[in-house]
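Welcome, and please get your viewer ready. This tour goes from stop to stop, saying what to select and what is there.

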Amino acid sequence: MTDLRALFSSNDPIDASEAFTNRQRQWELVATALAEHLRHMSAPGFDPADLEAPRTHLIVFHGVGGVGKSTLVRKLEAALGGTRPAQWGEQVFAGHKILPVRIDLARSAGTTFEDVVLTIRAALATAVARPLPAFDIALRRYWEAQHPGDPLDAYLERGGLVSRFGKALPQQTQAALSDVAQALLLPGTVGSAIGQVTGALVGALRERRKTVRALAACARLAPLLETEPSLEALSFYPHLLAFELHRLPEEKKITPVILLDTFEDTADRHRDLERLLQRLVWLMPNCFFVISGRNRLQWADPALHGQLDHTGPAAWPGLAATSGPVPPPRHGTPSGRQHLIGDLSPEDCDDHLARRLAKDGRPLISPAIRAMITARSHGLPLHLDLAASRFLEIRRTREPQPADFDHTFPALLARALSDLTTDERHVLRSVSLLDAFDLDLATRVAGLTHQAPARRLTERPIVYENPYALWPYHLHGAIRSALTEADDHTEDRWTPADWHQAATRALAALGDQWTANASLTPSRMLLVACLRQGLRLARDHRLTGLGWLIDAAHTYTDDSVWEPLTPPTAAPNPGLDTAADALAELLTAIARRQHEHRQRTADRLTAVLDSGLLPAELTEMALYYRAKAHKDLSQNDAARNGMQQVADIGGRLAPKARRGLANLARLAGDFPTALAAVSTLGWKGRHHRVLGDIHWSHGDTAAAVAAFEAGRAEAEQHSAAGERAMMQVRLALAVSFADPARADDELALAHQLLDGLAQRSNTLLAQVVALIKDAGTDGVTDRAQNLHADIEAAGLPFLHRFAELALAFHHAARDEEQDLAATIDRLRELTATGDFAYFVDIAHYMADLPLPGLTTTHWIDSPDAVHARWRTLVIARRTHLNTTAF
């Protein structure tokens, strides 16, 4: 339909058309189109051999990826096979036998055109249970020419078609071959010689012998059998299949419905596979096709002439645009056969805009402007039409630029609001503050006492639903942007106070939902989701009271699982102006430390502390994690000062700070002090972790393993996935010195538990464990060098000592004195500050060397006992290496 407003907006002869939407249930569309197809086939004069009649025997569903096209196709397959949802109503094809055949064209499925043809024929073999000789003879000739030595039944078995449809197809093709040989009075041994049979059959067809009268009705069979059996020839064989289906006896009549899914994956530069598939569809007018893909089918576009056999609106009237160069509507009219599921894909948006306004057959809107409009539209066709009108308006006075379209349109919001009730508009504005919501959340954010308006809103097309999401509903992106940017232009617009009050209600509602859930069945997913939305609300709307966000922040950090929390920035550099800004930066810095250099973490946390915006409970959090960063940077004086400050505050993090002080004592070699602190730590201070670190340092791997196993069990009891992973890495560390075989299993479990937790230091420590496990074998030294580079990049210098300790164990096991001496020298340099100096002692004990002087290490038992345990581990490793070598 011509867009008269656009037509009369310019003195230039601009071609302008408009698209419209018409949403209907997909099953009703398929049922209506299929019923029409069945009536068409039953009408007098229908002839599947008519190669000139327009084709209407298909329907197309297209939409963005992930919108549910494949699920729809599978449900259509089930419904056409007799298993359909109750809401889809009664069967409307009484008296007709329908055979659904679904074919996945996804690249990952590896489906070829041969597979498509064989799948259709295999499905018919089971349903019809008789040979289809015209097609089967041609297929056998093709197969033996193109796949010599590869029997058809073996190929079908490999491709899964036998398990799907049985073994009837090879049997029927052989029966067809034998029947034709017998009809032509050929010798019995010739029955398997396809070349002789087809040669004799072509001669009989040319001579119009009575013995092949039935096949002679297919006028194009002889030319097809004479043609070289190539892939190109195979693409014409569906004509023979259509012929055979048409001449089936009434009791065998069947209508195949062929569902081609993921059609977009057939696309290539030259449309080679698409050309073959289109030919198949064209040559089988007595079948019905359902095609799904991300983009609309362009077969009705005359511009494709020469790339495909059959193009243009005359050939495919159901696929044609309404008029002129405009793409087809989002959902077809009753006679249309293209239907969008969801919104337009970016390709469709660009194509729509390119065709929406044209001059002299060329797009009026430039690619750069089309790209901007597409990005801001979120796939909403209404936005595209408004942008086209805006383009013409600007064009009257100057040349439009992409920046002119980097916004939404008040008219879009006005149209979206036009059919909503007052309560629904109120709920709409309220939920626009949220990334996602459920009915309870929407009702509370709106400040209502009943859910009906929220429920009605969720039934509108501007609200999308994902039933598997934490919160199932979310607003269409274009509508949400319009509410944010253009609400000032509406008659019933909210005041800034209204928005602030709604944001306050939203923050409280999120907190109540998290708090209620945490007291029953704690959910990490809900915690992170509430934090993400809550942080953005508090920051963007400058909400003063952090409330539940403080407790949520502590819960988030307790488990050491570092999901990203950074909300979208409201400005390029918003700075730290409110407590919410400071909290968002605090949690982001803590989480990002797994991906940034620890000095960057320390600097960010220092900036947060210097801002003075954090409440006391969060100030101790910033102090604690800055102290941890200082420890990782081997800045242990600063780390001790920070940990002591937190311990003295006596807040929530005091047990962790006491653990930090105990660890710092251990790093300094003061093991008695560290051990004395263990009894005061409890679960919150991770007492088992501290005890296990003390024991493995003494070479007492059995005691260390017991402590780490207890710590892992305790973490599991508290559902602390992060702590469980840490315990497992340390358990693998202790085991790796004493039992390489078990260490393999423990390390594999460690990697499994670390997956998705973003614990960078523990991931690198696991690599150290792998070095220790393999100590004494070739390649360890090179792997250690690569690990040093990763440690340096991560800004975790304390791990250099662990890597060198692994090398010391490796060289001691191999009795490589010079390499061991060099390793000890590097360890001495790395521990010159006093921290981890006991690693130098351990390296000497491994090699059974005397200490070069007085040691600063205070062990919990005698140095001789520690010496003996480490030396025993080295000797055991040598024995293990000698045993495995033979």
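Among contacts in the protein with a separation of 6 or more, what share comes from residues 24 or more positions apart? The share is 70%. Keep in mind as you look around that this is a predicted model.

**The whole protein**

Begin with everything shown as a cartoon. You should be able to follow 41 helices and 10 strands. Of the 886 residues, 54% count as buried. Switch to a surface view next: the accessible surface is about 37,800 Å², and carbon and sulfur atoms hold 52% of that.

**The largest cavity**

Rolling a probe the size of a water molecule over the atoms shows where empty space is left. In this structure there are 4 cavities of 30 Å³ or more. The largest cavity contains about 620 Å³ of space. To find it, select Lys628, Lys631, Asp632, Arg689 and Arg730, which are the closest to its centre among the 38 residues of its lining.

Now colour the helices around it. Those that each supply at least two lining residues include helix 28 (616-632), helix 29 (636-649), helix 32 (687-697) and helix 34 (721-738). Which helix gives the most to the lining of the largest cavity? Select helix 30 (654-667); helix 30 contributes 6 residues, the most of any. Colouring the lining by class gives 13 nonpolar, 10 polar and 15 charged residues.

**An aromatic stop**

The whole structure has 24 aromatic pairs. For one of them, select Trp696 and Phe737: their rings are stacked, 6.0 Å centre to centre, with 15° between the planes. Trp696 belongs to helix 32 and Phe737 to helix 34, so this pair ties together parts that are 41 residues apart in sequence. Both residues are buried.

Widen the selection to see the aromatic cluster that holds these two, with Phe671, Phe798, Phe802, Phe809, Phe836, Tyr838, Phe839, Tyr845, Trp859 and Trp870 as its other members.

**Two residues with positive phi**

Stay with Phe836 from that cluster. Where does Phe836 lie? Look in the loop between helix 39 (817-830) and helix 40 (838-847). Phe836 is buried, since its relative accessible area is 4%, and the cut-off for buried is under 20%. Its phi is positive, about 65°, although Phe836 is not a glycine. Most residues other than glycine have a negative phi.

Then select Arg686, in the loop between helix 31 (671-681) and helix 32. Arg686 also has a positive phi, near 55°. Is Arg686 buried or exposed? With 7% relative accessibility, Arg686 counts as buried.

**A strand and a loop**

Move on to Val463, in strand 9 (residues 463-465). Val463 is buried, with a relative accessible area of 7%. Show its surroundings: leaving out residues up to four places away in sequence, Val463 touches Phe437, Leu457, Thr458, Tyr473, His474 and Leu475. Try a distance label too: 9.4 Å separates the C-alpha atoms of Val463 and Gly477, which are 14 residues apart along the chain.

The last stop is Thr311, in the loop between strand 5 (288-293) and strand 6 (338-340). Thr311 is buried, at 17% relative accessible area. Beyond its neighbours within four places in sequence, Thr311 is in contact with Trp299, Asp301, Pro302, Leu304, His305 and Trp316.

Technical notes. Residues numbered from 1 in each chain as written. Predicted model: local features only at pLDDT ≥ 70, side-chain atom pairs only at ≥ 80, totals over all residues. Heavy atoms only, no water. 1 Å grid on protein atoms, 1.4 Å probe; cavity = no way out; pocket = protein on both sides within 12 Å on 5 of 7 lines; lining within 4 Å. Points joined across faces, edges and corners; volume = space filled by probe spheres on them. Helix = DSSP H or I, 4+ residues; strand = E, 2+ residues; numbered from the N terminus. Nonpolar A, V, L, I, M, F, W, Y, C, P; charged D, E, K, R; others polar. Buried < 20%, exposed > 50% of the residue type's maximum accessible area, 1.4 Å probe, protein only. Contact = heavy atoms within 4.5 Å. Areas by Shrake-Rupley, 256 points an atom, 1.4 Å probe, with all protein chains shown as cover. Phe/Tyr/Trp six-rings, centres within 6.5 Å; stacked < 30°, edge-to-face > 60°.
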